[in-house]
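Visitor: I am new to this structure. Please take one part and walk me through it closely.

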Amino acid sequence: MSAPPIAVDPLTASTIGHYETHAERYWQGTREHDVGQNVAALLAALDGPGPWTILDFGCGPGRDLKTFRDLGHRAIGLDGSAAFCAMARAHGGCEVWRQDFLALALPPAHFDGVFANATLFHVPGAHLPRVLAELRATLKPGGALFCSNPHGSNQEGFHGERYVAYFEPARWQALLDSAGFTEVTHYFRPPGLTRAQQPWFAGVWRRTA
């Protein structure tokens, strides 16, 4: 599972290349970010006492992998950047798979939860239905997907070297519904601010049978 599928789309390759080049700067800039609200939202949606098997989809340098591990769960990371994968193994102390988001090779019905924090907005809209379906398939029945993405007015394209999709919340909800998920909860981040100051749309969706 750890062998990296080859990037199949230049949009993905450009985004991966950006993070490859700026991996250390990204780690230093995000290592102290508090995403405890997001971690708690996913874990609250999982049935049973745990510990659970969780896929950190787009794990970056491994900050959240370490959080899940320290909470006693089996966390596996996935990222397209070789530099991020190496950093995540070192910082998170967990298994990490190098895979392109557009060339996933995920085991069926394997994970209790998928944590996609600030990652799915890098998937071009034309590919999102397939990628969401693949994430659904790798969840156990009743498993849950957390995702958080910057919301906008349905624009997508390059922002510098990175491909980004800034979709309206209703579009994210429709995509997830069509992929076979049922919404558990959603909210806007950061907490405690006005909506105009909350650029992130976050929530948990459960795999339907």
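In which sense do strand 1 and strand 4 pair, and over how many bridges?

Guide: A word on the source comes before the details. This is a predicted model.

Now to your pair. Strand 1 covers residues 53-57, and strand 4 covers residues 111-117. They pair in the parallel sense, over three bridges. Look for Leu55: its bridge partner in strand 4 is Val114.

Helix 6 lies against the sheet that holds this pair. It touches strand 1 and strand 4. It also touches strand 5 (139-150), strand 8 and strand 9 (200-207). The direction of helix 6 makes about 140° with that of strand 5.

Step back to the sheet itself. Seven strands form it, and the sheet is open. Their order is 3-2-1-4-5-9-8. Read along that order and you find strand 1 beside strand 4. The pairing across the sheet is mixed. Strand 3 (95-98) and strand 8 (181-189) are the edge strands. Each of these two pairs on one side only. From one strand to the next, the twist averages 15°.

Helix 6 has another partner, helix 7. Helix 6 spans residues 128-138, and helix 7 spans residues 169-178. Their axes are 9 Å apart. The two helices pack at an angle of about 55°. Helix 6 and helix 7 are therefore oblique to each other. Their crossing is right-handed.

Which residues meet there? Helix 6 brings Leu128, Pro129 and Leu132. Helix 7 brings Trp172, Leu175 and Leu176. Sorted by type, the residues of this contact are six nonpolar, no polar and no charged.

One more pairing makes a useful contrast with your pair. Strand 6 (residues 155-159) and strand 7 (residues 162-166) pair in the antiparallel sense. They do so over five bridges. Gly157 has Val164 in strand 7 as its bridge partner. Together strand 6 and strand 7 form a hairpin, with two residues between them. In the turn, Gly160 has a positive phi of about 65°.

Last, the whole protein. Its secondary structure comes to seven helices and nine strands. The radius of gyration is 16 Å, close to the 17 Å that the globule rule gives for 209 residues, so the protein is as compact as a globular protein of that length. Along its principal axes, the C-alpha trace spans about 40 × 40 × 35 Å.

How values were computed. Residues are numbered from 1 along each chain as its sequence is written. This is a predicted model: local features need pLDDT of at least 70, side-chain atom pairs count only at pLDDT 80 or more; totals for chains, interfaces and linings use all residues. Side-chain values use heavy atoms; hydrogens and water are left out. Axes are lines fitted to C-alpha atoms, for helices over the stretch in contact, and angles run from 0 to 180 degrees between N-to-C directions. Helices (H or I, at least four residues) and strands (E, at least two) are DSSP runs, numbered from the N terminus. Angles under 35 degrees count as roughly parallel, over 145 as roughly antiparallel, 65 to 115 as roughly perpendicular and the rest as oblique. A crossing is left-handed if the near helix is turned anticlockwise from the far one by less than a right angle, and right-handed if clockwise. Contact means heavy atoms within 4.5 Å. Ala, Val, Leu, Ile, Met, Phe, Trp, Tyr, Cys and Pro count as nonpolar, Asp, Glu, Lys and Arg as charged, and the others, Gly among them, as polar. Two strands pair if DSSP finds at least two bridges between them. The radius of gyration is taken over C-alpha atoms; the globule rule is 2.2 Å times the number of residues to the power 0.38.
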